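Dear colleague,

Please find the structure below, handed over for your examination. A summary of what was found in it follows.

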Amino acid sequence: MTDVTIYHNPRCSNSRGALQILRERGIAPRVVEYLKTPPSRDELIRLIAASGLAVRAIMRDKEAVFAELGLGSPERSDGELIDAMLAHPVLINRPIVVTPLGTRLCRPPERVLDILSPA
């Protein structure tokens, strides 16, 4: 399978695990270290929509900046949450994997198997 992208944080065990699963299956994905190269607003919105998850489900609520910015408040709009992720990419949950079969937040890493062609 070609045309696979992983939004990756090498310090994250789930992210490393998903990347390892891809490589074990002979897939050489495009690796986007999103902390170094954050997605654009449009790209982030597309990823969220394609994943089928709510904006809040894509956020890392355990990061200190999440609490500091009051992002847990139900009054925060999706637009505000997206703005926060763009300003603080550490708030983007990982890994997000995109294949021709779909887009998934791969927590646990084995979720990547849902969007890979059967062997």
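To begin with a point of detail: is D114 buried, partly exposed or exposed? The model is a predicted one, and in it D114 has a relative accessibility of 49%, so it counts as partly exposed. The side chain of D114 meets that of R111 in a salt bridge, at 3.8 Å from N to O. R111 is likewise partly exposed, at 31% relative accessibility.

In total, the structure holds four salt bridges. Another of them joins D83 and R41, whose closest N and O atoms are 2.4 Å apart. This pair links distant parts of the chain: D83 belongs to helix 4 (residues 78-87) and R41 to helix 2 (residues 41-51), with the two positions 42 residues apart in numbering. Both partners count as partly exposed, D83 at 42% and R41 at 34% relative accessibility. A further salt bridge pairs K36 with E33, with 3.4 Å between the closest N and O atoms. Here K36 is exposed, with a relative accessible area of 68%, whereas E33 is partly exposed at 28%.

Turning to helix 1, its twelve residues (13-24) should span 16 Å at 1.5 Å a residue, and the C-alpha atoms at its ends are indeed 16 Å apart. Its buried residues are N14, S15, G17, A18, L19, I21 and L22. Strand 1 (5-8), strand 2 (30-33) and strand 3 (96-99) are among the elements that cover them. Just after this helix, G26 adopts a positive phi of about 80°.

Yours sincerely

Terms used:
Residues numbered from 1 in each chain as written. Predicted model: local features only at pLDDT ≥ 70, side-chain atom pairs only at ≥ 80, totals over all residues. Heavy atoms only, no water. Helix = DSSP H or I, 4+ residues; strand = E, 2+ residues; numbered from the N terminus. Expected span 1.5 Å × (residues − 1). Buried < 20%, exposed > 50% of the residue type's maximum accessible area, 1.4 Å probe, protein only. Contact = heavy atoms within 4.5 Å.
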